[in-house]
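Colleague: I am new to this model. Please take a close look at the salt bridges, and then place them against the rest of the chain.

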Amino acid sequence: MGFEPLPHDHGHIWGELRLEMPRSDTFETVSELMKMMSDTRRIQIFWLLCHCEECVINISALLDASSPVVSHHLKLLKTSGLIVSRREGKEVYYTAAKTVRVRVLHGMIEQIIELACPTEHILTEEHVQDHDSFVQTVNEVHRLLVSDLTRRYTIEELSVKYHINQTTLKTTFKRVFGQSIGGYMKEQRIKRAKELLCCSDASIAEIAGSVGYENQSKFTVAFRNVTGMLPRDYKRAHKKK
């Protein structure tokens, strides 16, 4: 396909670039997403809900904002598909949607925060050069963590075992896997529990122990927070004949 030459020839291969350029409506979608993140309070709420599930009252208290203001932002975030909600009795709980778009946006916000407000990290040339080494170490940590879900490691234990600074470990893990170590492992434990609930005859207590929960009560709370269902209800609804 041929294209008319540009008014000024600067040596760019304009034809190839034009073929690869996304359609205008794609950029419009990106623009709308950026507009959604143009409000400081809304970004705070979105960031918070990427890490937990909460109700309006608690979000208001955490951010020192009125309930009507929080509700307004929650409505916009939900309409955009960035958060989801569930009702339990009279209470409504909100959390970030489990989508690629949300993970990318969350990661971008955290990286910008780190660049704008570095705490224990100073972004030097040496730090950048060490990045690949940190990623390799974090991948080794990841393999250890998922190899045995019954074992719970503290950040301090992992830091000593792999000779990596605790802050570097937490920051790099979140950059690579899009979540904190605790959040990621909770998701992996519940994912495995869902598989066992569907495909095994193990009791809920046995499943709780096999994915690292010391008792059925704590497992039930964690499972409901992630899935919105009690383990027994999930098993009843998804059990394979």
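Modeller: One definition is needed before the pairs: a residue is buried when its relative accessible area is under 20%, exposed when that area is over 50%, and partly exposed in between. Glu 32 has a relative accessible area of 41%, so Glu 32 is partly exposed. Keep in mind that the model is a predicted one.

Glu 32 makes a salt bridge with Lys 35, and the closest N and O atoms of this pair are 3.4 Å apart. Both residues sit in helix H2, three residues apart, so about one helical turn separates them.

The second pair is Glu 53 with Arg 86, where the closest N and O atoms are 2.8 Å apart. This bridge links distant parts of the chain: Glu 53 lies in the loop between H3 and H4, Arg 86 lies in strand E1 (residues 83–88), and 33 residues separate them. On which side of the 20% cut-off do these two partners fall? Glu 53 counts as buried because its relative accessibility is 18%. Arg 86, at 17%, is buried as well.

The third pair joins Glu 157 and Arg 151, with 3.9 Å between the closest N and O atoms. Since the relative accessibility of Glu 157 is 34%, Glu 157 is partly exposed. Arg 151 has a relative accessible area of 34% and is therefore partly exposed too. Beyond single pairs, salt bridges with shared partners tie Glu 53, Arg 86, Glu 88 and Arg 224 into one network. The count of salt bridges comes to nine.

Now the surroundings. The chain has 13 helices and two strands. It has 241 residues, and 34% of them count as buried. Among contacts with a separation of 6 or more, 55% come from residues 24 or more positions apart.

H3, at one end of the loop that holds Glu 53, also takes part in the largest nonpolar core. That core has 23 residues, and those touching the most other members are Met 37, Ile 45, Phe 46, Ile 59, Leu 74, Leu 77 and Leu 82. Two or more residues each come from H2, helix H3 (40–49), helix H4 (56–63), helix H5 (67–79), strand E2 (91–96) and H6. The most come from H3, which gives four residues. Apart from this core lies another of 15 residues, including Phe 134, Val 138, Leu 144 and Phe 173.

Two residues of the largest core show up in further contact lists. Leaving aside neighbours within four places in sequence, Ile 45 is in contact with Ile 59, Leu 63, Val 70, His 73, Leu 74 and Leu 77. Phe 46 is among the contacts of His 106, which, with the same neighbours left aside, also include Trp 47, Cys 50, His 51 and Gly 178. His 106 is in helix H6. Its relative accessibility is 4%, so His 106 counts as buried.

H2, the helix of the Glu 32 and Lys 35 pair, has a part at the surface as well. Val 30, Met 34, Met 108 and Ile 112 make a nonpolar surface patch of about 340 Å². Helix H2 (24–36) and helix H6 (100–116) are the elements that give two or more residues to this patch. Val 30 belongs to H2, and counts as partly exposed because its relative accessibility is 43%.

How values were computed. Residues are numbered from 1 along each chain as its sequence is written. This is a predicted model: local features need pLDDT of at least 70, side-chain atom pairs count only at pLDDT 80 or more; totals for chains, interfaces and linings use all residues. Side-chain values use heavy atoms; hydrogens and water are left out. Patches are made of residues with over 30% relative accessible area and no salt bridge: like charges are joined within 9 Å, nonpolar side chains (Val, Leu, Ile, Met, Phe, Trp, Tyr) within 5 Å. Accessible areas come from the Shrake-Rupley method with a 1.4 Å probe; for residues, only the protein chains shown count as cover. A salt bridge is a side-chain nitrogen of Lys or Arg within 4 Å of a carboxyl oxygen of Asp or Glu. Buried means under 20% relative accessible area, exposed over 50%, partly exposed in between (1.4 Å probe, protein chains only). Contact means heavy atoms within 4.5 Å. A nonpolar core is a set of buried Ala, Val, Leu, Ile, Met, Phe, Trp, Tyr and Cys residues joined through side-chain atoms within 4.5 Å.
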